[in-house]
Each structure stands twice: as structure tokens, then as C-alpha cells.
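Let's take a walk through this one, from its charged pairs to its hollow spots. Have the structure open as you read.

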Amino acid sequence: MTDAAPGYTRPVPVLDADNAFYWRAAAQGELRVQSCGECGALCHPPVPLCPVCHSAERETRQVSGLGRVASFMIVHHPPNPWFEMPIGVVSIELEEGPQVTSNIVGVPLEEVDLGMEVEVLFAGTDDPEVGVPLFRPRGR
């Protein structure tokens with residue numbers, strides 16, 4: 001489930017003080033989301049204050065990387081030098097609750113469907129300290 005994605009590389013994302021943990025954890029084969037240091041609520045994408053209790057106490061928590069396709073689209077245009085088009089963009093509802101937006105790989109795009117069970121895998125970037133979570137159908 002946390003193996004590398006051979007043949008899939010991605011551009012280096014823009015890191016900031018809120019999201020750097022997410023991209024750096026991906027380089028280590030971990031999917032992490034923000035958690036509240038007071039109420040424990042999980043949140044993605046990372047934000048300065050907990051959306052539940054408004055605490056500024058932020059932590060991170062490793063999650064399973066298992067989930068289901070909550071929504072998706074197949075992008076055909078505009079051409080992008082970093083991606084072979086078309087590309088599947090998915091919103092994954094993780095088993096732990098938060099939703100993560102990513103790409104789906106390892107399946108013909110016409111077979112992607114709502115509710116499809118997926119698992120995370122990781123792609124490298126030109127920066128060895130930064131990775132990108134991708135998703136594929138579970139068990140492939």
C-alpha cells in the first residue's frame with residue numbers, strides 16, 4: 001500500500017508552513033493529515049485553525065491511505081508538460097474521514113467510478129525530500 005509508483009513522477013508542489021509536512025511525509029511513504037492538538041479532529045487540506053474547535057494547536061497523524069472515490073473528473077485539456085493527458089483527478093474520502101484530492105493511476109480512466117475502493121501509493125519528484133500521494137484501485 002505504501003510502495004513507490006514506478007513510472008509516475010510529479011512536479012514538485014509548492015510547500016508552505018501549513019502543508020510541508022504532507023509532501024515530506026509522502027517522500028517517506030507516509031500519508032499524513034493535520035489533526036487538532038485539542039479535540040483530535042482530522043483536517044485536510046491543512047489550515048491554521050481547527051475547523052471544529054478553532055484551536056491553533058496543530059499536529060499531524062499518519063492515516064491508512066485507504067478510502068473510496070468520492071468524486072472524480074477526467075481532464076483532457078489544456079495540455080500540460082508534466083502529465084500525459086488525459087489524467088484522472090479524484091477526491092478520495094479516506095477511511096478516517098478527511099478527503100484528499102489527487103490523481104488516480106493503475107486503471108483505465110473509463111473504469112473509475114464513485115465508491116471505488118482505493119489505496120495510496122507515492123510518486124517521486126525532482127526533490128528527493130518531497131513526494132506526491134497518488135491512488136490506485138485497492139489490491140492492484
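## Charged pairs, hollows and a greasy patch

Glutamate 119 and arginine 136 are both buried. In this predicted model, the two join up in a salt bridge, with their closest N and O atoms 2.9 Å apart. Glutamate 119 sits in strand S8 (residues 117-124) and arginine 136 in strand S9, so the bridge ties together parts that are 17 residues apart in sequence.

That pair has company: the structure holds five salt bridges. Here are three of them, including the one we just met.

| Salt bridge | N to O distance |
|---|---|
| Glutamate 119 – arginine 136 | 2.9 Å |
| Arginine 32 – glutamate 30 | 2.9 Å |
| Arginine 138 – glutamate 95 | 3.6 Å |

The pair of arginine 138 and glutamate 95 links distant parts of the chain, 43 residues apart: arginine 138 is in the segment after S9, while glutamate 95 is in the loop between strand S6 (87-94) and S7. Are these two buried or exposed? Glutamate 95 has a relative accessible area of 51%, so it counts as exposed, and arginine 138, at 30%, is partly exposed.

As for the pair of arginine 32 and glutamate 30, arginine 32 is partly exposed at 22% relative accessibility. Glutamate 30 gets the label partly exposed too, with 23%.

Now for the hollows. The second largest pocket has a volume of about 160 Å³. Which elements give two or more residues to its lining? They are helix H1 (20-27), strand S7 (99-104) and strand S9 (131-137). S7 provides the largest share, three residues. Among the lining residues you'll find Pro11, Tyr22, Trp23, Asn103 and Pro133. By type, the lining divides into eight nonpolar residues, three polar and no charged.

On the closed side, the count comes to one cavity of 30 Å³ or more, and the largest cavity has a volume of about 30 Å³. Its lining includes Cys36, Cys43 and Cys50, along with Glu57 and Arg58. Strand S2 (residues 31-36) gives the most here, with three residues. This lining splits into five nonpolar, three polar and two charged residues.

Finally, have a look at the surface. Phe72, Ile74 and Leu114 form a nonpolar patch there, and together they have about 250 Å² of accessible area. Isoleucine 74 belongs to strand S5 (residues 66-75). With a relative accessible area of 33%, isoleucine 74 is partly exposed.

Conventions:
Residues are numbered from 1 along each chain as its sequence is written. This is a predicted model: local features need pLDDT of at least 70, side-chain atom pairs count only at pLDDT 80 or more; totals for chains, interfaces and linings use all residues. Side-chain values use heavy atoms; hydrogens and water are left out. Patches are made of residues with over 30% relative accessible area and no salt bridge: like charges are joined within 9 Å, nonpolar side chains (Val, Leu, Ile, Met, Phe, Trp, Tyr) within 5 Å. Accessible areas come from the Shrake-Rupley method with a 1.4 Å probe; for residues, only the protein chains shown count as cover. A salt bridge is a side-chain nitrogen of Lys or Arg within 4 Å of a carboxyl oxygen of Asp or Glu. Helices (H or I, at least four residues) and strands (E, at least two) are DSSP runs, numbered from the N terminus. Buried means under 20% relative accessible area, exposed over 50%, partly exposed in between (1.4 Å probe, protein chains only). On a 1 Å grid over the protein atoms alone, a cavity is a set of points where a 1.4 Å probe fits but cannot get out, and a pocket is an open set with protein on both sides within 12 Å along at least five of seven lines; lining residues have an atom within 4 Å of a point. Grid points are joined across faces, edges and corners, and a volume is the space filled by probe spheres set on the points. Ala, Val, Leu, Ile, Met, Phe, Trp, Tyr, Cys and Pro count as nonpolar, Asp, Glu, Lys and Arg as charged, and the others, Gly among them, as polar.
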